[in-house]
Amino acid sequence: YAAIIVALNPLVMGLMDWYRKSIYEKVSLSEIFSPYKKEHVMSNIGTMVLMQLYTFLWSLLFVVPGIIKSYSYCQTAFIKAENPHIPANRAIELSKIMMEGHKADLFYLHLSFFGWMLLSGFTYNILGIAYVYPYYFSALSFAYVEVKADAIAKGLISASEFNPVQEKYIVE
């Protein structure tokens with residue numbers, strides 16, 4: 001299990017960040033592996049493990065609080081990928097702030113892909129690899145950009161907490 005955490009968490013973070021960046025510009029596929037950079041890999045793994053630990057602990061209460069908290073924490077990977085210098089707890093806190101009032105929206109987005117995921121299962125995941133997963137990850141990336149822009153516009157978070165190089169991605 002530890003090997004999976006070490007290997008997959010930064011990969012998921014890199015994949016999500018690659019989709020976010022590709023909204024605005026052409027990005028090399030090697031960018032998917034950017035969370036594995038030596039200076040940030042342990043911080044990235046720690047952030048994702050902490051987020052998963054918090055979700056697990058909330059799930060111990062009952063299933064519903066765990067699901068709600070998983071939606072609260074869902075933007076953490078995007079935030080950490082965008083600003084690798086941000087502390088883990090601050091990335092999780094920013095995600096909670098950004099998702100306030102948007103958890104149901106993201107739930108409906110996930111629900112809208114249920115049929116596609118089911119259909120993908122019937123095709124031995126060929127449809128998922130070829131169409132559904134890129135579509136799904138793109139939709140999640142657009143949702144992140146919109147939720148972040150909304151939180152910044154409402155003054156809940158500051159754009160300066162994100163990578164200054166990436167500020168051009170903020171939709172005004």
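In this predicted model, Arg-90 pairs with Glu-161 in a salt bridge whose closest N and O atoms are 2.4 Å apart. Because Arg-90 belongs to helix H5 while Glu-161 sits in the segment after H8, the pair ties together parts of the chain that are 71 residues apart in sequence. Arg-90 itself is partly exposed, with a relative accessibility of 23%.

A second salt bridge, between Arg-20 and Asp-17, has its closest N and O atoms 2.5 Å apart, and here the partners come from a single element, since both lie in helix H1 (residues 2-22), three residues apart and thus separated by about one helical turn. Arg-20 is buried, with a relative accessible area of 1%, and Asp-17 likewise counts as buried, at 3% relative accessibility. Both residues take part in a network of salt bridges that also links Lys-21, Glu-31, Glu-82 and Lys-148.

Lys-103 and Glu-100 supply a further example, their side chains meeting in a salt bridge at 4.0 Å from N to O. Glu-100 counts as exposed, because its relative accessibility of 54% lies over the 50% cut-off for that class. Altogether, the model holds nine salt bridges, and as a general matter side chains of opposite charge can pair when their charged atoms come close.

From the charged pairs the description can turn to the nonpolar interior. The largest nonpolar core has 21 residues, of which Ile-79, Met-98, Leu-106, Tyr-144, Ile-157 and Phe-162 touch the most other members. Two or more residues of this core are given by each of helix H4 (76-82), helix H5 (88-99) and helix H8 (126-153), and H8 gives the most, with eight residues.

Tyr-144 shows how this core and the charged residues meet, for which its contacts beyond four places in sequence are listed here: they include the core members Ile-79, Met-98 and Phe-162, and they also take in Arg-20, Gln-75, Phe-78 and Glu-82. Of these partners, Arg-20 and Glu-82 are also members of the salt-bridge network described above.

Apart from the largest core there is a second, separate core, made up of seven residues, among them Met-13, Met-48, Met-51 and Ile-92.

Methods. Residues are numbered from 1 along each chain as its sequence is written. This is a predicted model: local features need pLDDT of at least 70, side-chain atom pairs count only at pLDDT 80 or more; totals for chains, interfaces and linings use all residues. Side-chain values use heavy atoms; hydrogens and water are left out. A nonpolar core is a set of buried Ala, Val, Leu, Ile, Met, Phe, Trp, Tyr and Cys residues joined through side-chain atoms within 4.5 Å. Buried means under 20% relative accessible area, exposed over 50%, partly exposed in between (1.4 Å probe, protein chains only). Helices (H or I, at least four residues) and strands (E, at least two) are DSSP runs, numbered from the N terminus. Contact means heavy atoms within 4.5 Å.
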